[in-house]
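Please read the report below alongside the sequence and the 3D structure. It moves from the bound partners to the protein interior.

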Amino acid sequence: MDQDIFSGLSPIQKEIVMCTEGPVLVLAGAGSGKTRVLTHRIAHLVQNLRVPGYNILAITFTNKATNEMVERLEKMLGPDNSVWVYTFHKFCSIILRKHAEKIGFKAGFSIYDDDDSKKLFKRIFKNQGIDYLTEDEVRNEISNAKQKGLTAERYTASIDGINNPEKADLFRKYQEGLLQANAMDYDDLLVNAFELLNNNPDIAEYYKNKFKYIHVDEFQDTNKIQNDITKLIAEKWKNLFVVGDDDQCIYKWRGAEIENILCFDQVYKEAKTFKLQENYRSTPNIITSANNLIKNNSERHEKELVAQRNSGVRVEYLNSFNDLQEAQQITSIIYSLKYNNNYQNSDFAILVREAIAGNAIENRIREAGISYRVLGGYKFYERKEILDVLAYLRLVSNPEDNAAFLRVVNYPKRGMGGAAVDFISGISTEKGISLFEAACIAADLDEVKFRAKAQTIEFVELMRKLISKKNTAIECIIRYILELTCFKEELEKGQTKEEAETRYENILFFEKQAKQFQLKNKDSSLDAFIESVTLAPETKEIESEGCITISTVHAVKGLEFPVVFVAACEEGVFPSQQSINKEEVEEERRVMYVAITRAKDRLYVSNANRRFRYGKDEFHYPSRFISEMKADGSRQAFSEFGGRKFEEERISFSDREDDYGYNGSVEKANECVNAIKQIIHAPSVYNESIEDYKTGKRIKHSRYGEGVIILITGEEDDKVATVEFPDLGIKKFVIKNTPMTLL
DNA sequence: TATGTGTTCTTTTTT
DNA sequence: AGAACACATA
Ligand SMILES: Nc1ncnc2c1ncn2[C@@H]1O[C@H](COP(=O)(O)OP(=O)(O)OP(=O)(O)O)[C@@H](O)[C@H]1O
């Protein structure tokens, strides 16, 4: 037996790894080694028990987590371990592509993203002339139904469907629209995969047999349909291993049902349950803050993390008067820690609740010449120009993809506006065929009121030419698209030269990625590339090694960093305004809990009094979570400095440019960095015995030398000493935070 | 039909 | 701030 696998595991972790047969639940707090146990268990199965990799399935939640797991497994098992590691959606898509015909689809089906799905709803609403319901309302409801495993038919028959016949009707129409376009939305991948397996026992049998050992990471965030799929696949061998933490459930808004994990032992009666409380990741101060914070949630099962590490600096609180200063402070601290404490870029993460809050920081970091990557939020593939090119590719791969058709039919402009599309659309509904097929028919029709006939012929010709190139290298198809459509010229029309240039560069980058995809992947078909873009969109990473991470909290779930900044911790931002309005702050608190437990050594929690958001300056109070973290005697674990009082700030705010004392020149920026460096360098509190400082006493300041106190003003922690130095004259200091001693 | 201009609305988190 | 939409004009 390879003992290496067990080194670096605690006795209880080892016991869990050895427990390979039957259902197992590991319910444990952040940083307790759940993912580590999961990966080691797989290694144990493969190396010691000789289970072939293709009999093992590991499901993760986000693409980041998948990459992380694949990497860890490759380290232990080598690159050619054939273990299946996928997200739920990717896993379902693989199965569906194999057996699409069984449920009336073709293997090359498109995957509609949120935008495509919204637009389909919009079209349906327009056709039906519905104005008493909002699209978002219906879309949400339908998505929720799907996440509970309801198909349109079952929804129609359910209480909700009976009470809302018009919604049920829209649900059916929506699914018809998708089917006609040979497309599925994200939720459909799950629902259809489940239906496929449930209705075709022979197919299900194959997968049930194949996956002898099934693992699910972050199980607290599974929704009903995901739980059902897992249950179904695990039916035969019942070797289902799930790990999770109810305090880290942050996807309730996407249908996550915490009961899946809490009732696991009731569903699987023979399940073994393990709990881990030891945290191996973070310093005691960070753990204290995390425990203090999460205690404020009432709907939870008591559990306290116990730090296994035994030293560490305090958690730092940063307060800034606006978002720009916040960005500046964080940048300065990063400089300082790199310079003075030998941290690397990759050691840092700046986490935010909403992706836009990272913008100001991103700009400052870029100006400072630090390389970085951005996770979460606006993705590279969501840029308009990329989506446009992608839509051409989609139409080549699946000519029935109506969303793609509508996107490209008049882009670049070719004289096929609303009237032409309406005409084609009429043929499509009448004959029950896709828009592209309808366009092909329209091109041959002699209809007087169809003025765009010539243009339609041309468009159909263009698409046929592209489709004939379907099996050549993707980069060539993209080139061909750009050439035939005069894409570049169109880009140059609407906007400034610079904008057009960046956009074109983005497309060239996209082309490069397509090339790399084909070099890297076994299945290098166009279909596979398009799917990888919609299902596992990589961010445009400037560098993956040696760069700091700016990310949403959601996108770094399961990851860890030596130094973490949680920025924009303000009421209305983190917790979000919506959660406050709906009185659903507990999930936000769990998001914060996830954020701070990413930190290994150093944690900074930051808020800005003023923030530029949604086109205007907004004022926010510091997040309630900040005070919760340092509540009850943990003052020791938490220090504060900097910043002015909120109300004071509200009255006197000046010009944005000057706010962080820096107008764009590198010299000034560095001056600023140095100034703040001085502050952050020093421990925050120097003098506990403030009362001993009295007028007339002599002091020694660490930088200015000896002097005499000539005046004391202020109260308690804010007490200020005015000191006269023989050479330097008079200076004022906040006693508590000044590096000086009494003589 | 294209294009310009003005208006209103929406602002979380991911697959 | 930015998108998405609506309406008027070329
Ligand atoms: N027995 C151990 N001894 C030393 N370090 C450990 C041990 N177990 C886990 N660790 C370390 O603790 C950290 C957290 O482990 P891991 O990521 O597996 O935790 P987790 O429970 O999945 O966390 P989270 O729930 O926050 O994602 C890792 O750096 C890991 O290497």
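How many residues surround the ligand, and which are the closest? The shell holds 19 residues, and the closest are Gln13, Lys34, Thr35, Glu560 and Arg598. A residue counts as near a molecule or strand if one of its heavy atoms lies within 4 Å of it.

This is a predicted model, in which local features need pLDDT of at least 70 and side-chain atom pairs count only at pLDDT 80 or more, while totals for chains, interfaces and linings use all residues. Residues are numbered from 1 along each chain as its sequence is written, chains are lettered from A and ligands numbered from 1 in the order in which they are written, and side-chain values use heavy atoms, with hydrogens and water left out.

**Ligand**

Helix H2 (residues 34-48) gives the largest share of the ligand shell, 3 residues. Helices (H or I, at least four residues) and strands (E, at least two) are DSSP runs, numbered from the N terminus. Polar contacts come next; each is a pair of N or O atoms within 3.5 Å, and within protein one must be able to donate a hydrogen and the other to accept it, with residues adjacent in sequence counting only if both atoms are side-chain atoms. The side chain of Lys34 places an N or O atom 2.5 Å from a ligand oxygen. Arg281 also uses a polar side-chain atom, 2.9 Å from an oxygen atom of the ligand. Ser10 uses its backbone instead: an N or O atom there lies 3.4 Å from a ligand nitrogen. On its own the ligand has 630 Å² of accessible area, and the protein covers 85% of it. Accessible areas come from the Shrake-Rupley method with a 1.4 Å probe; for residues, only the protein chains shown count as cover.

**DNA**

DNA strand B has 28 residues around it. Asp114, Arg353, Ala419, Thr552 and Tyr614 come nearest. Of the strand B atoms within 4 Å of the protein, 58% belong to sugar or phosphate, and the rest to bases. DNA strand C is surrounded by Lys122, Phe612 and Gly615. The table lists polar contacts to the DNA.

| Residue | Protein atom | DNA atom | Distance |
|---|---|---|---|
| Asn63 | backbone N or O | phosphate oxygen, strand B | 3.2 Å |
| Asp114 | polar side-chain atom | base oxygen, strand B | 2.9 Å |
| Asn410 | polar side-chain atom | phosphate oxygen, strand B | 3.5 Å |
| Lys122 | polar side-chain atom | phosphate oxygen, strand C | 2.9 Å |

**Domains and cores**

Chain A is divided into domain 1 (11-97 + 192-276), domain 2 (110-181), domain 3 (306-377 + 541-629), domain 4 (380-535) and domain 5 (686-742). These bounds come from an automatic or database domain assignment. The C-alpha centres of domain 3 and domain 4 lie 39 Å apart.

Nonpolar side chains tend to be buried together in soluble globular proteins. A nonpolar core is a set of buried Ala, Val, Leu, Ile, Met, Phe, Trp, Tyr and Cys residues joined through side-chain atoms within 4.5 Å. Buried means under 20% relative accessible area, exposed over 50%, and partly exposed in between (1.4 Å probe, protein chains only).

The largest nonpolar core has 55 residues. Leu393, Phe405, Phe459 and Phe510 have the most contacts inside it. Helix H18 (residues 384-397) supplies the largest share of this core, 9 residues. A second, separate core of 41 residues includes Ile94, Leu96, Leu190 and Phe194.

Contact means heavy atoms within 4.5 Å. Not counting residues up to four places away in sequence, Leu393 touches Ile474, Ile477, Ile478, Ile481, Phe510, Leu526, Phe529 and Ile530.

**Helix H21**

Helix H21 (residues 435-444) is mostly covered, with 7 of its 10 residues buried. The buried residues are Leu435, Phe436, Ala438, Ala439, Cys440, Ala442 and Ala443. Their cover includes helix H19 (402-408), helix H20 (418-431) and helix H22 (453-468).

**Single residues**

Val556 sits in the loop between strand S14 (548-552) and strand S15 (561-566). Val556 is buried, at 0% relative accessible area. Beyond four places in sequence, Val556 touches Leu351, Leu375, Ser551, Phe561 and Arg598.

Cys19 is in the loop between helix H1 (11-18) and strand S1 (24-28). Cys19 is buried too, with a relative accessible area of 12%. Its contacts, not counting residues up to four places away in sequence, are Val24, Arg41, Lys272 and Phe274.
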